[in-house]
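Grab your favourite viewer and something to scribble on. Here are some exercises to work through, each with a solution you can check against the atoms.

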Amino acid sequence: MRVTVLYFASVRERRGRASETLDLDGPTTIGDLYADLLGADAPTVAYTRNRVVCAPDTALADGDEVSFLPPLGGG
């Protein structure tokens with residue numbers, strides 16, 4: 001299964017790129033993919049699948065576009 005991953009803000013800095021296309025071996029969830037890519041100490045994020053906010057237990061499918069959105073702050 002192939003998915004496109006978009007990274008923003010601190011997650012983009014941590015991965016060192018704005019996006020990438022990944023070939024996954026089998027079924028996975030968006031939360032598991034995030035943990036695999038960024039590790040156990042990864043920052044808390046919101047998940048999107050095909051530009052719709054979703055839960056971490058959302059299953060991914062071939063061709064999905066996913067993104068990991070860190071919280072926004074301001075002052």
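The exercises below go through strands, salt bridges, backbone angles, a helix and aromatic rings, and they all use a predicted model.

**Exercise 1: two faces of a strand**

Task: Sort the residues of strand β2 into a covered face and an uncovered one, and work out how β2 pairs with β1.

Solution:
- Start with the general pattern: side chains in a regular strand alternate between the two faces of the sheet.
- Now walk along β2, residues 19–23: Glu20 and Leu22 sit on the covered face, while Ser19, Thr21 and Asp23 make up the uncovered one.
- Next, the neighbour. Strand β1 (residues 2–7) pairs with β2 in the antiparallel sense, over five bridges.
- To pin down the register, take Thr4: its bridge partner in β2 is Thr21.

**Exercise 2: salt bridges**

Task: How many salt bridges does a search of the whole structure find, and where do Asp23, Glu20 and Arg51 find their partners?

Solution:
- The search turns up six salt bridges.
- Take Asp23 to begin with. Its side chain meets that of Arg2 in a salt bridge, at 2.8 Å from N to O. This pair links distant parts of the chain, with Asp23 in strand β2 and Arg2 in strand β1, 21 residues apart.
- Check the surroundings: Asp23 is exposed, at 55% relative accessible area, and Arg2 is partly exposed, at 45%.
- Move on to Glu20, which forms a salt bridge with Arg15; the closest N and O atoms are 2.7 Å apart. Glu20 has a relative accessible area of 15%, so with the cut-off for buried at under 20% it counts as buried. Arg15, at 22%, is partly exposed.
- Don't stop at the pair: Arg15, Arg17 and Glu20 are linked in a network of salt bridges.
- Last, Arg51. Its side chain and that of Glu65 meet at 3.1 Å, N to O. Here too the pair links distant parts of the chain: Arg51 is in the loop between β3 (46–49) and β4 (52–54), Glu65 is in strand β5 (residues 65–69), and 14 residues separate them.
- For exposure, Arg51 comes out exposed at 70%, and Glu65 partly exposed at 21%.

**Exercise 3: positive phi**

Task: What are the phi values of Ala9, Arg51 and Gly39, and where do these residues lie?

Solution:
- Keep the general expectation in mind: most residues other than glycine have a negative phi.
- Ala9 has a positive phi, near 50°, and isn't a glycine. You'll find Ala9 in helix α1 (residues 9–15), partly exposed at 36% relative accessibility.
- Arg51 has a positive phi too, near 70°. Arg51 belongs to the loop between β3 and β4.
- Gly39 takes a positive phi of about 85°, just after α2.

**Exercise 4: the buried side of a helix**

Task: Which residues of helix α2 are buried, and what covers them?

Solution:
- List the buried ones in α2 (residues 30–38): Ile30, Gly31, Leu33, Tyr34, Leu37 and Leu38.
- Now look down the axis. They cover an arc of only 160°, which puts them on the same side of α2.
- The spacing argument is a general one: an α-helix has 3.6 residues a turn, so residues three or four places apart point the same way.
- As for the cover, it includes β1, α1, β2, β3, β4 and β5.

**Exercise 5: rings around Tyr34**

Task: Describe the geometry of the aromatic pairs that Tyr34 forms with Tyr47 and with Phe68.

Solution:
- A search of the whole structure gives four aromatic pairs.
- Tyr34 and Tyr47 form one of them, edge-to-face, with 5.8 Å centre to centre and 85° between the planes. Tyr34 lies in helix α2 and Tyr47 in strand β3, so the pair ties together parts that are 13 residues apart in sequence.
- Both rings belong to buried residues: Tyr34 at 4% relative accessible area and Tyr47 at 14%.
- Tyr34 also pairs with Phe68, and this one is tilted: 4.7 Å centre to centre, 50° between the planes. With Phe68 in strand β5 and Tyr34 in helix α2, the pair ties together parts 34 residues apart in sequence.
- Phe68 counts as buried, at 0% relative accessibility.
- To finish, put the rings together: Tyr7, Tyr34, Tyr47 and Phe68 form one aromatic cluster.

Notes
Residues are numbered from 1 along each chain as its sequence is written. This is a predicted model: local features need pLDDT of at least 70, side-chain atom pairs count only at pLDDT 80 or more; totals for chains, interfaces and linings use all residues. Side-chain values use heavy atoms; hydrogens and water are left out. Buried means under 20% relative accessible area, exposed over 50%, partly exposed in between (1.4 Å probe, protein chains only). Helices (H or I, at least four residues) and strands (E, at least two) are DSSP runs, numbered from the N terminus. Two strands pair if DSSP finds at least two bridges between them. A salt bridge is a side-chain nitrogen of Lys or Arg within 4 Å of a carboxyl oxygen of Asp or Glu. The arc is that of the directions from the helix axis to the C-beta atoms. Contact means heavy atoms within 4.5 Å. Rings of Phe, Tyr and Trp (its six-membered ring) pair if their centres lie within 6.5 Å; planes under 30 degrees apart count as stacked, over 60 as edge-to-face and the rest as tilted.
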